[in-house]
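Open the model in your viewer and keep a selection box at hand. The stops below follow one another, each with something to select and something to look for.

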Amino acid sequence: MAQDNNNRGGQGQNRERGGNREQQAPRAGESDLKEKVVAINRVAKVVKGGRRFSFSAIVVVGDGNGTVGYGLGKANEVTDAIAKGIDDAKKNLVRVPLYKHTVPHVMEGKYSGGFVLVQPAAAGTGVIAGGAMRAVFESAGIKDVLAKSKGSSNPHNVVKATFDALLKMRDPMQIAQARGITLAQVFNG
């Protein structure tokens with residue numbers, strides 16, 4: 001009976017679908033990167049003998065100091081899909097600007113139907129964001145942020161929209177140097 005409940009398509013919860021499961025990096029050279037599984041999706045293909053299941057996993061990796069990346073892995077087993085997602089994420093690492101453990105300014109990000117708003121927050125606020133965005137911010141090392149997902153709740157679109165917002169942000173130190181003013185003048189006018 002337990003097997004029948006697990007094989008039903010849209011009914012009940014999938015055991016494989018998890019929240020933000022954190023994995024430790026197995027490689028010695030990249031031990032500073034932490035992985036978080038954002039979502040696992042089970043896909044059933046109906047064949048003559050029954051259903052054939054495969055899995056896709058979206059994973060976010062980061063060093064907690066401004067470097068973060070995401071990847072998608074697909075395989076017939078959950079662990080293989082996660083491993084492929086981690087490898088893909090490590091190939092797509094980007095650097096995001098941080099200012100006092102928060103984002104430097106307000107920014108909106110969009111990808112397909114996903115639309116997110118990211119705002120800086122005072123020290124001690126914490127990460128006020130949904131599950132997919134929270135994984136990106138924690139992996140990037142952002143400790144205080146206010147974020148809202150306004151569009152699609154699909155984790156793939158939300159993660160990509162969050163990356164869009166983070167990549168559009170400008171580093172306040174570079175702006176201060178380009179304008180020839182101090183950092184305090186950049187924020188206070």
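In what sense do E3 and strand E4 (residues 67–75) pair, and over how many bridges? The two pair in the antiparallel sense, over eight bridges. Strands here (E, at least two residues) and helices (H or I, at least four) are DSSP runs numbered from the N terminus, and two strands pair if DSSP finds at least two bridges between them.

Before going further, note that this is a predicted model, in which local features need pLDDT of at least 70 and side-chain atom pairs count only at pLDDT 80 or more, while totals for chains, interfaces and linings use all residues. Residues are numbered from 1 along each chain as its sequence is written, and side-chain values use heavy atoms, with hydrogens and water left out.

**Stop 1: the strands**

Stay with E3 and E4 and select Ser-56 together with Lys-74. Ser-56 stands opposite Lys-74, which belongs to E4. The hairpin of these strands has four residues between them, and Gly-64 takes a positive phi near 75° there.

Now add strand E2 (residues 34–47), which pairs with strand E3 (residues 50–62) in the antiparallel sense over 13 bridges. E2 and E3 also form a hairpin, with two residues between them. To check the register, select Val-37: its bridge partner in E3 is Val-59. In a regular strand the side chains alternate between the two faces of the sheet.

**Stop 2: from E2 to helix H2**

The structure holds four salt bridges, a salt bridge being a side-chain nitrogen of Lys or Arg within 4 Å of a carboxyl oxygen of Asp or Glu. Select Glu-35 and Lys-90, whose side chains meet in one of them at 3.8 Å, N to O. This pair links distant parts of the chain: Glu-35 is in strand E2 and Lys-90 in helix H2 (residues 78–91), 55 residues apart.

Are Glu-35 and Lys-90 buried or exposed? Buried means under 20% relative accessible area, exposed over 50%, and partly exposed in between (1.4 Å probe, protein chains only). Glu-35 counts as buried because its relative accessibility is 0%. Lys-90 counts as buried too, at 14%.

**Stop 3: helix H3 and its network**

Select helix H3 (residues 131–140), which is mostly covered, with seven of its 10 residues buried. The buried ones are Ala-132, Met-133, Ala-135, Val-136, Phe-137, Ser-139 and Ala-140. Just after H3, Gly-141 takes a positive phi of about 95°.

Next, show the side chains of Lys-36, Arg-134 and Glu-138, which are linked in a network of salt bridges. Glu-138 forms a salt bridge with Lys-36, the closest N and O atoms being 3.1 Å apart. That pair links distant parts of the chain, with Glu-138 in helix H3 and Lys-36 in strand E2, 102 residues apart. The side chains of Arg-134 and Glu-138 meet in a salt bridge at 3.7 Å, N to O. Arg-134 and Glu-138 both lie in H3, four residues apart, about one turn of the helix.

Colour the three by accessibility. Lys-36 counts as buried, since its value is 11%. Glu-138 is partly exposed at 34%, and Arg-134 is partly exposed at 28%.

**Stop 4: the loop at Thr-182**

Finally, select Thr-182, in the loop between helix H5 (172–179) and helix H6 (183–188). With 45% relative accessibility, Thr-182 counts as partly exposed. Draw a C-alpha to C-alpha distance to Pro-172: the two are 10 residues apart in sequence and 9.8 Å apart in space.
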